[in-house]
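Thank you all for coming. I would like to walk you through one structure this morning, going slowly for anyone who has not seen it before.

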Amino acid sequence: RCYILSNENSKIQLSLRQSWLNPKSNSKVEDVEITCIKDVKKGQLVRGYVKSITPSGVFFALSTSVLGRILFQNVSPYFVQKHSLYEKYLPEGKLLTAKVLGVTGKHVELSLLPEDTGMPNVLPESLGLPQYVAEEENTETDGREKREELKVKAKQRRGNSDSEQGSTPLSQTLCLVNRITFKIHLSCCPSPCTHFPLLQEAKPKKRKICPADESDSGIEVYYREEEEEEDGQEEAAAKKKSKIRKPIEPPRLQVSMGFTWDEDINAMDVPVLNQKEQSSESEEEEDPQSKLKKQTKKEKELEKQKKEKELCKLEAALMDPSRQPQSADDFDRLVLSSPNSSILWLQYMAFHLQATEIEKARAVAERALKTICFREEQEKLNVWVALLNLENMYGTEETLMKVFERAVQYNEPLKVFQHLCDIYASSEKNKKAEELYHTMLKRFRQEKSVWLKYASFLLKQGQTEATHRLLERALKALPTKEHVDVISRFAQLEFRFGDSEHAKALFESTLSSYPKRTDIWSIYMDIMIKHGSQKEIRDIFERVIHLSLAPKKMKFFFKRYLDYEKKFGTTESVLAVKRAALEYVETKSSLVDT
């Protein structure tokens, strides 16, 4: 039974939701129906099915009209090189729980990470895959590499400036320009200038003026850009700025060592720095790095402690005997601990079937048949029956027949035939069940259970006349010593599923032919107590207590008669039964005396 959602372009969309099938029921809807992208909100937990796996990620169907995407980094915390591994553990149509990371326009970004969904990881830990590297370590290493590149390029520039300007060192003035604060440090200034508030004071040194010093500008500039910009972009920008003429020149700094400020600060080449200043800069750069290292070590220690706590919790949960398995790894551990338990294997199969993973359920059944010890015949038979059920529900007729033929080879054929007949009957495949019963009657003619099974099947179908004909065939095929038992069993089936009058006639005819079969009398009494009237039951008791049977058997029937009257009769009927028992004892004692 299903609900038709739409019928367009010769395509019918169906729904099995209880909210559509029974709209009046007030049952709680676990998964809210998503009809458009407006129904999806950030941070929401949703369930859906795997649609496909592409190089750009896993596409996740939330409904027939809404499709989401899961990036590979949000599928699992493990780094996977081969995407075929995702296809193995995330087959098309698998039901999963995901978290909505964001909704932009018509795109929905989702996550399957355990910290987002609270569900187990989709990839098992047993694969031994590496985890994604922390972003902090990547940023540290990238920052170090970029700083080293900047130092190497600065040294190359310093070498070029030395070769052009000569061998005289330029140590009179140092100007450190920062992109954010543009701080300028001067090493030979007599006094600070009011026009440049960012200048820092320094003690002047006494030295002789050389002609080279007069021609030189006397300024050493070191310009540090942010780590994100590349040095090539800096040079291009500097050349462009040098070509542009300034409309107004800034006021010059009056220093005894004459030099000019004609060049733009950003266009100046980077000169050679003193060793002391280089060491101070490297120390300034290393200090925050060492702090970051200390912080990351602390964070690593905290992560280790968290992981240890989580492992302790997992171990405690695994040691709990009442804990239900929730993943394939849990079932694997249970199966390893008790490999001959068919119940665990069947639960493992049911776990995969709930997630519509039919091939995995088949693989689990095959593993069970290979793992269970050959001495455990009943346990293996249980797995074979489960595999027959699986093929009957999800497989084809060919796959079912292949499994049936294998099961007949490895087990008792009669049991396998009977189980397959029960499977057909429970799935309402009556024609196939009847055909299989006919083959069983030909192959197992001497087996009483086959005739009785077929009789119960016919009575459940309402074919009473066919049951009567079947009883005649059974009496002809079975040996005479089995006739009484077969008739009584057929009569019991008639009481349960067929005509009670015909069942009474069968019992009466059997007891008239075999009056001393106390087992048939007791069965007849039990059935009549459930289905008959009190008058009929009392008539049966009266007939039994007047039979010439052994004293022990008579005592048994008198006791049953007395118990029945105590429950359903009156005091007078109880006294009547006691008087009849006394009379029987007196007659027996008189016969003994004579």
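**A walk through the salt bridges and the cores**

Let me begin with one residue, glutamate 565, which counts as buried because its relative accessibility is 1%, and buried here is anything under 20%. Please keep in mind throughout that this is a predicted model, and that what I quote has been computed from it.

So which residue does glutamate 565 pair with in a salt bridge? The partner is arginine 538, and the closest N and O atoms of the two are 2.8 Å apart. This pair links distant parts of the chain, since glutamate 565 sits in helix α21, residues 551–568, while arginine 538 sits in helix α20, and their positions lie 27 residues apart in the numbering, counted as the separation of the pair. Arginine 538, for its part, counts as partly exposed, at 24% relative accessibility. As general background, side chains of opposite charge can pair when their charged atoms come close.

Staying with helix α20, which runs over residues 534–545, we meet glutamate 536 there. The side chain of glutamate 536 meets that of lysine 504 in a salt bridge, at 3.2 Å from N to O. Here too the pair links distant parts of the chain, because lysine 504 belongs to helix α18 and the two residues are 32 apart. Glutamate 536 counts as partly exposed, with a relative accessibility of 31%, whereas lysine 504 is buried, its relative accessible area being 15%.

Lysine 504 also forms a salt bridge with glutamate 501, and in that case the closest N and O atoms are 3.8 Å apart. How far along the helix are glutamate 501 and lysine 504 separated? They are separated by about one helical turn, because they stand three residues apart in helix α18, which covers residues 500–513. Glutamate 501 is exposed, with a relative accessible area of 51%, and lysine 504, as I said, is buried.

If we search the whole structure, 19 salt bridges are found.

Let me now step back to the chain as a whole. The protein chain has 594 residues, and buried residues make up 32% of them; it contains 22 helices and eleven strands. Its accessible surface comes to about 39,500 Å², of which 53% belongs to carbon and sulfur atoms. Among contacts between residues at least 6 apart in sequence, 54% join residues at least 24 apart.

Next, the nonpolar interior. In soluble globular proteins, nonpolar side chains tend to be buried together. The largest nonpolar core here has 83 residues, and the members that touch the most others are Met440 and Leu470. Setting aside neighbours within four places in sequence, leucine 470 is in contact with Leu441, Trp451, Tyr454, Ala455, Leu458 and Phe490. Apart from this core lies another, of 26 residues, among them Phe60, Leu96, Val100 and Val108.

There are nonpolar side chains on the outside as well, and Ile4, Ile12 and Leu14 make a nonpolar surface patch of about 310 Å². Isoleucine 12 has its place in strand β2, residues 11–15, and is exposed, with a relative accessible area of 54%.

Finally, two polar side chains and the backbone oxygens beside them. Is histidine 483 buried or exposed? Histidine 483, in helix α17, residues 483–497, counts as buried, at 19% relative accessibility. A polar atom of the side chain of histidine 483 lies 3.3 Å from the backbone oxygen of proline 479. Leaving aside neighbours within four places in sequence, histidine 483 is in contact with Leu475 and Leu478. Lysine 448 is 35 residues from histidine 483 in sequence, and their C-alpha atoms are 9.8 Å apart in space.

The second case is serine 573, found in helix α22, residues 571–593. Serine 573 is buried, with a relative accessible area of 16%, and a polar atom of its side chain lies 2.7 Å from the backbone oxygen of threonine 570.

That is where I will stop, and I am happy to go back to any of these residues on the screen.

Key
Residues numbered from 1 in each chain as written. Predicted model: local features only at pLDDT ≥ 70, side-chain atom pairs only at ≥ 80, totals over all residues. Heavy atoms only, no water. Patch = residues over 30% accessible without salt bridge, like charges linked within 9 Å, V, L, I, M, F, W, Y side chains within 5 Å. Areas by Shrake-Rupley, 256 points an atom, 1.4 Å probe, with all protein chains shown as cover. Salt bridge = Lys/Arg side-chain N within 4 Å of Asp/Glu carboxyl O. Helix = DSSP H or I, 4+ residues; strand = E, 2+ residues; numbered from the N terminus. Buried < 20%, exposed > 50% of the residue type's maximum accessible area, 1.4 Å probe, protein only. Contact = heavy atoms within 4.5 Å. Core = buried A, V, L, I, M, F, W, Y, C linked by side-chain atoms within 4.5 Å. Polar contact = N/O pair within 3.5 Å; in protein donor to acceptor, adjacent residues only side chain to side chain.
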